[in-house]
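I opened the structure to take notes on its strands, its core and the contact between its chains. The entries follow the order in which I looked things up.

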Amino acid sequence: MIRIFHNTSFDFIKWWRQAAIATAAFILLGLASYLWSGGVNYSIEFTGGTLMQLEFTQPPNPAELRSIVDGIAPGAEIQEYGTSREYTIRARSATDADATSTTEGVAKAVATALDAKYTSEGYRVVRTEAVGPKVGSELRRGAMIAMFLVALVTLAYLAFRFEWRFGAAAVLSTAHDVLVTFAFIKLFEIEVSLVVVGAILTLLGYSGNDTIIIFDRVRENLRKVRKEPLYDTLNRSINETLPRSILTHTTTLAATTTLLIFAGEVLRPFAWVMTFGVFVATFSSIYVAGPLLLYIERRFPRSVTDKGQASPARVKADSKVEPRGDRPARPAGGTPRRPATR
Amino acid sequence: MSNLKYRVALILALVAASAWALFPRTVVERVKRDGAFAYDTVRRVPLKRGLDLQGGMHLALEVDESKQAVADKSDALDRALKVVRTRIDEFGVSEPVVQKVGTDRIIVELPGIDDPERAEAVVQKSAFLQFQITDKSQALDKVLPRLDQIIRDRGGVVTTATGDTAARRQVGAIPNLFSTSDSSAGDSTKSDSTVVVGAGGGALSKLLQGGQFPGEYMVAEQDVRTVESYLAIPEVQGALPPGKVLRWSGDTLSMGAQSFRPLYVVDARPIITGEYLTNAKPNNTPIEGTVVEFELNNEGGRRFRNETGKHVGDYMAIVLDDRVMGRPPVIQSAIGTRGQITMGNRDLQSAQDLALVLRAGSLLVPLKIAEVRNIGASLGEDSIAKGTLAMTIAIGFVIAIMVGYYRFSGVLAVGALVLYVLFTMAILAGFGAVLTLPGLAGLVLTVGIAVDANVLIFERIREELDRGKTVRTSIDEGFKHAWSAIVDTSLTTILGGAVLYQYGTGPVKGFAVVLIAGITASLFCAVFVTKTFYLIWLNRSKNVQTLSI
């Protein structure tokens, strides 16, 4: 039997300060870049405008292409797309309310101009998208609501399945994931399209899963080993679930990297976010959710704590003692009637 | 073990159901070939592909309120929806989608369309058909002097204000630095004023030449815009003969070297409108070229006969969307239920499209296009090829990792994974869900995630084995303890997918569907199927001491 990271006893939580500094630095870097160079690189779907994907039979001269497009839509972005024969042209629409007709007009005008230069056999329009600004702003709002709702639904579910302290820690760590992912998207200039929003939402679920797996083990260990400080229980739970984490992340990473390499240009932003997300999920479920749970336990200790217990940091998660103190012994393996966590 | 029998029976039944759902079947597709509808039978796997995978066109239409406000938008859109649907159904695309989204938008999806501009035109055309009698009382001639006067008055005002305009333009030159729209407005007032000044006396009457019959006027092509701008002046509008309207012809007429666009004065009240039309079809006639022949229903025919009977010897303009089609024919005698619209020199396809929109009825409110996505079929094929490749490689990786690490148990997990892919596809096919490119990505991704449940269970079994429990107990305990974590993770992912489904559009909805279907299938496969595999194995080899995990 091959075993990796079996019976480890790393003190993960010890590193929480370094982890916090690293992740805060990354988020701040993203925020700084956001303030420095303006907003996120939204796709046409969100801003409104026109996108054309062209495939030429011969690699065109980029400067030539530039001058043609500039004559019609000044400031349009022109990018090589995968190969030197394929280009995308993005013209974001102006802010005026009714740009729909002009939005669509851009695609036609560009096609006419290209016909004149390259003849209609010299290139092919493989994809056009023209989105009015109203549709764009609606989509943007929808994406925001979706993200907010996912966070809310996760919170509600965790609060229902676990105790609120666990739920709050999990949701805060999920919020951290969103911030880090935004920073990543900004720093690596990934175009935010609907599909990328989908990736972010999936990532939220995925990272939440990881936290749940560890917390589930914490919950179980709290029931089993009653005299252990939460700090140690957390560490032990993370170590016990380590082989699972490594293996699951490896298979997921295998999937996302194949998408990144083989699935083509359209899915690349999605694959980047998901690949990054696997690392974020691993990191946050260990270094963010755990310490957060510890912090919350310290600030809001369980209601009926044993008076004789030491520092609140070492609150025994299940140190509730019956007033009469004669609790019957639990049958081994049975579910406790009144567990530390609901 | 009867329990085991039921388990196996259930799995086999599901496999059979999935295989049936995915079995390539013969479907009849309606396709348009050489301008005619035909039914094609194709054998294919009944999985719907989204527009981004098979190529096609996606349109979002909204009520256009730029010209006039629409009181009850939702109702207007409902009626527009019916018209658009009828038109699209006749347009000849297989499996088109026409649906209302929210209260103010219609989504049209046309798979495999190769001429997006034509599709747009067919969807957007109002197709409001009217038959109007041309004026024979020289009503316009009578008011022409007054119209000239009005224009001259306005011109005079502008002339005296030339200095003023110039000054205004100079003032305007400073804001020009900031706003381009302002400058263009300034320019247009300037060009307007010069035109008016240059026109001088009899501005309008000079540009109009009498046509071949009363009510017809010829305007040289280069003067059309000028005349339009005169006619747009509110005072001119007010001075036009009451009960009459002016309509431009849809075609130009060339006389010698010059081309003219006819302008018609017609009765404002149409003798009949397109609502009585029951059928319309294109035809090619040797004399009149391309025509659209139409038929009216009985009531329409009666009215038409009545009205045309009263107007024998008059000319009748056939007005479509405020444009006169062809030259108004003279009414020889009362016309019944049949008639035709001459299309001038246009080709048969435009006649076909006109017949199509006439049959479908007119759009009472104008629609504007809020969103267009057009994906070439080659891009779709490319996406499918790449997606399948990525999927194959990802599955290969996962199999290698699972079998390499868990050995025999890994093989069981791989078996469950194969069933997982089968079930997920079957769920998609069964519910008629649309597979999109992000959906394909979701499928690849869930392959990676799907084994998570198996990993959880196997790790748990290993722990139980480490505690010295027997193989059978360890397996039982492993499944039991991993269960709560598996349920938690699956449910949170499904909830997230549901939210995504609710708020996503098109392709992203496809992703959400795959995510939900995938997690559901994975829950079943990892827990139930793998457990059954174990049970079979335990059943066949009694007294096992070791488990390859």
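**Entry 1: the strands around S12 of chain B**

I began with one pair of residues: B:Leu246 stands opposite B:Val265 in S12(B). The model is a predicted one, and I read every entry below with that in mind. B:Leu246 led me to strand S10 (residues 244-249) of chain B, which runs antiparallel to S12(B) and is joined to it by five bridges.

I then looked for other partners of S12(B). Strand S9 (residues 216-220) of chain B also pairs with S12(B) in the antiparallel sense, over five bridges. In that pairing I noted B:Glu216 opposite B:Tyr264. Strand S11 (residues 253-255) of chain B runs antiparallel to S12(B) too, with three bridges, and there B:Met255 faces B:Gln258.

What lies between S11(B) and S12(B)? The two strands form a hairpin with two residues between them. B:Gly256 sits in that turn and has a positive phi of about 65°.

I also checked how covered the strand is. S12(B) spans residues 258-267, and seven of its 10 residues are buried.

**Entry 2: chain A in outline**

I counted 10 helices and four strands in chain A. Read along the sequence, the pattern is α-α-β-α-β-β-α-β-α-α-α-α-α-α. Chain A has 342 residues, of which 43% count as buried. I looked at contacts in chain A between residues at least 6 apart in sequence, and 75% of them join residues at least 24 apart.

The chain is divided into domain 1 (13-38 + 136-299) and domain 2 (49-131). I took the distance between their C-alpha centres, which is 38 Å.

**Entry 3: strands of chain A**

I went to S3 of chain A (residues 83-92) for its partners. Strand S1 (residues 49-56) of chain A pairs with S3(A) in the antiparallel sense over seven bridges, with A:Thr50 opposite A:Ala91. Strand S2 (residues 77-81) of chain A is antiparallel to S3(A) as well, joined by five bridges, and A:Glu80 stands opposite A:Tyr87.

S2(A) and S3(A) make a hairpin with one residue between them. A:Gly82 is in the turn, with a positive phi of about 85°.

**Entry 4: two helices of chain A**

I checked the span of helix H6 (residues 164-187) of chain A. Its 24 residues reach 34 Å from first C-alpha to last, close to the 34 Å expected at 1.5 Å a residue. After H6(A) comes A:Glu189, where phi is positive, near 50°.

In helix H7 (residues 194-224) of chain A I picked A:Ala199. Is A:Ala199 buried or exposed? A:Ala199 counts as buried because 33 other C-beta atoms lie within 10 Å, and the cut-off for buried is 20 or more. Leaving aside neighbours within four places in sequence, A:Ala199 is in contact with A:Phe270, A:Val273 and A:Met274. For a distant pair I took A:Thr8, which is 191 residues from A:Ala199 in sequence and 33 Å away in space, C-alpha to C-alpha.

**Entry 5: the nonpolar core**

I looked up the largest nonpolar core, which has 221 residues. The residues with the most contacts inside it are B:Val292, B:Leu358, B:Ala441 and B:Val444. Helix H13 (residues 377-430) of chain B supplies the largest share of this core, 20 residues.

I followed up B:Val292. Not counting residues up to four places away in sequence, B:Val292 touches nine listed residues' worth of neighbours, among them B:Ala280, B:Pro282, B:Gln340, B:Ile341 and B:Leu358.

**Entry 6: where the chains meet**I turned to the contact between the chains, which takes 57 residues from chain B and 56 residues from chain A. On the side of chain B that touches chain A, the elements giving two or more residues are strand S19 (367-375), H13, helix H14 (437-466), helix H15 (471-503) and helix H16 (506-540) of chain B. H13(B) gives the most to that side, with 14 residues. I sorted the residues of that side of chain B by type: 35 are nonpolar, 14 polar and eight charged.

Which strand of chain A pairs with S19(B)? Strand S4 (residues 123-131) of chain A does, in the antiparallel sense and over five bridges. In this pairing A:Arg127 stands opposite B:Ile375.

Definitions and conventions: Residues numbered from 1 in each chain as written. Chains lettered and ligands numbered in written order. Predicted model: local features only at pLDDT ≥ 70, side-chain atom pairs only at ≥ 80, totals over all residues. Expected span 1.5 Å × (residues − 1). Domains from an automatic or database assignment. Buried ≥ 20, exposed ≤ 12 C-beta atoms within 10 Å, placed from the backbone. Contact = placed C-beta atoms within 7 Å. Core = buried A, V, L, I, M, F, W, Y, C linked by C-beta atoms within 7 Å. Nonpolar A, V, L, I, M, F, W, Y, C, P; charged D, E, K, R; others polar. Pairing = 2+ DSSP bridges.
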